[in-house]
Amino acid sequence: MTPARMLLPALALLGACNSSPSAVAQNAAARPFAVTEVADFDSPWAMTFLPDGRMLVTEKKGQLLLVSADGKSSKTVAGTPQVSSAGQGGLMDVVLHPQFAANRLVYLSWSEANAEGLKGVALGRGTLAADGSKLEGFQTIFRAHPYVEGNGHFSGRIAFAPDGHLFFTNGERQKFTPAQDPQATLGKVLRLNDDGTPAKGNPLAAQGFRPDVWSYGHRNLLGLTFDANGNLWEQEMGPKGGDEINLIVAGKNYGYPNVSNGDHYDGKDIPDHKAGDGYEAPKVWWNPSISPGGLMAYSGKLFPEWKGDLFLGGLSGKALIRIDVNGTDAKKGDQWDMGARIREVEEGPDGAIWVLEDGGQGSQGRLLKLTPAK
Ligand SMILES: [Ca+2]
Ligand SMILES: [Ca+2]
C-alpha cells in the first residue's frame, strides 16, 4: 500500500472542497517572512532579474515590461512577438541568456496560432536595446510540433543548463497521448542549443524519437530549474490529485497518460506509479491538487536554512510552497497560505524571495518581495 492510498480516507473528506479555506488552513504555517508589495500587473506570467537589479515581467496578453528595481516605474519593451492570448495561452516565460551581460539576449515563450487556426507554443530571442526600449532582431527559433486545436497546456518554461544548453517544456495540449508519441514535442522536456536547434547527444534519438527530446510522458510542465548541483527539477500540473515535482533524468518516461498518482478529471482511473513499471515516479505529489506555478532553486543568503531547497507557487492552492531537497531526494517542506493564486517564484539579487500573483478575474497580480521576519 502506497502512502497515497493510505491517505485516501482522510483526503476523501477534503475532496469535495479542494480549495476551501479549511483545507488551506490545515497546511498553513506561521509565515517566517515579511511581505512587501512592490508593484502590480495585468495577469503576469513570469519574471526574471537583469544583472543591475531591474526586472523583466511578462503579462499574458502579450506585454513585456522592464521594471525598476524598486518596482515604482515600468515601461513596455517593444519588438515582442504577436501572441494568441486565450485560455491558458499568451506571452509566457522570460529568461536571460547565461552570457546576457555580454550579448543582451532575452528569450521569450508564447502561444500562437498558425494559418489554419491551430495553436502551439513557440520560443524566440532578441537583443535588449541599451536603453531597454525594445528587443532588436527578435526571431522565432523553435515551434512545438504539432500545432493542435485548443487553448490549454502549452507549458513553455525555459531553463539554461550550467553547460549552456537550453531546456524547454512543451505541454501535451490536453490531448493525452502525444506525451508518449516519439514524433511530437508535446508532453516533453526538450534540450536545445541556444539558437533553438536540437542539441547533440540527446538520449532518445536512437530509439526513433525526435532529436530534441530529453524526457517524455509529461502533462503540463509549468516550472523548470537547475539547482546548484546541476540537477534539473520540473513541476507539472497533473490530472486530479496528481500534481508533481520530478527530477528530470535524460531519456526517462514520466508516465503520462499511462500512469499517474492522480486520476482523470472526468473520474476515469489512471494506474498509480509503482516500482518496476518502467516509468519514472514523481519525487513529490499532491492530493488534493495545488495547481503549481513556477519553480525556483534557492541559493541566497537571506534565508540560509533554505539553501538548496525548491520553491513554487500554488494557483488553486493559493500558497507558497517549499520543497526540502537533499541531493536528488525531495520531500514536502512548508506550505504558506498567500491568499492569492501564485504563478511565479524568483530569487532576487540579495537573496529575497519574489513572487508574482496570477491576478485575473478583475484583480491585478501583485509582485511581492519576501524578506526574513524581524
Ligand atoms: Ca522566472
Ligand atoms: Ca492514479
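Which residues line the largest cavity? Let's work that out together, along with a few other exercises on this predicted model.

**Exercise 1. Describe the enclosed space and the open space.**

*Step 1.* Start with the enclosed space: searching the whole structure turns up one cavity of 30 Å³ or more. The largest cavity holds about 40 Å³.

*Step 2.* Now list its walls: G217, R219, E236, G238, P239, G242, E244, Y254, Y256, V259 and S260 line the largest cavity.

*Step 3.* Turn to the largest pocket, with about 900 Å³ of space. Its lining has 34 residues, and T48, F160, T225, F226 and E346 are the ones nearest the centre.

*Step 4.* Find the strands involved: β2 (44–49), β6 (91–96), β10 (155–160), β14 (220–226), β18 (292–297) and β22 (342–347) each give the lining at least two residues.

**Exercise 2. Find Y107 and L123 and decide how they are placed.**

*Step 1.* Look along strand β7 (residues 105–113), where Y107 sits.

*Step 2.* Is Y107 buried or exposed? Buried means under 20% relative accessible area. Y107 has 0% relative accessibility, so Y107 is buried.

*Step 3.* Check the surroundings: beyond four places in sequence, Y107 touches residues including D93, H97, L123, R125, F160 and D194.

*Step 4.* Follow the contact to L123, which in turn touches W110, F142, F168 and L192, among others. In the largest nonpolar core, which has 46 residues, L123 is one of the five that touch the most other members, together with L56, V106, L108 and F168.

**Exercise 3. Explore the charged side chains.**

*Step 1.* How many salt bridges does the structure hold? There are 18.

*Step 2.* Take R366 and E37, whose closest N and O atoms are 3.2 Å apart in a salt bridge. R366 belongs to strand β24 (residues 365–372) and E37 to strand β1 (residues 33–41), so this pair links distant parts of the chain, 329 residues apart. R366 is partly exposed at 30% relative accessibility, and E37 is partly exposed at 46%.

*Step 3.* Next comes D309 with R322, a salt bridge of 2.7 Å from N to O. D309 lies in the loop between β18 and β19 (310–314) and R322 in strand β20 (residues 319–326), so the bridge ties together parts 13 residues apart in sequence. Both D309 and R322 are buried, and shared partners join D309, R322, D324, K331 and D334 into one salt-bridge network.

*Step 4.* Finish with K60, in the loop between β3 (55–59) and β4 (64–67). K60 is buried but has no salt bridge, as D358, the nearest side chain of opposite charge, is 7.2 Å away.

Notes. Residues are numbered from 1 along each chain as its sequence is written. Chains are lettered from A and ligands numbered from 1 in the order in which they are written. This is a predicted model: local features need pLDDT of at least 70, side-chain atom pairs count only at pLDDT 80 or more; totals for chains, interfaces and linings use all residues. Side-chain values use heavy atoms; hydrogens and water are left out. A nonpolar core is a set of buried Ala, Val, Leu, Ile, Met, Phe, Trp, Tyr and Cys residues joined through side-chain atoms within 4.5 Å. Buried means under 20% relative accessible area, exposed over 50%, partly exposed in between (1.4 Å probe, protein chains only). Contact means heavy atoms within 4.5 Å. Helices (H or I, at least four residues) and strands (E, at least two) are DSSP runs, numbered from the N terminus. Lys and Arg count as positive and Asp and Glu as negative; His and the chain ends are not counted. A salt bridge is a side-chain nitrogen of Lys or Arg within 4 Å of a carboxyl oxygen of Asp or Glu. On a 1 Å grid over the protein atoms alone, a cavity is a set of points where a 1.4 Å probe fits but cannot get out, and a pocket is an open set with protein on both sides within 12 Å along at least five of seven lines; lining residues have an atom within 4 Å of a point. Grid points are joined across faces, edges and corners, and a volume is the space filled by probe spheres set on the points.
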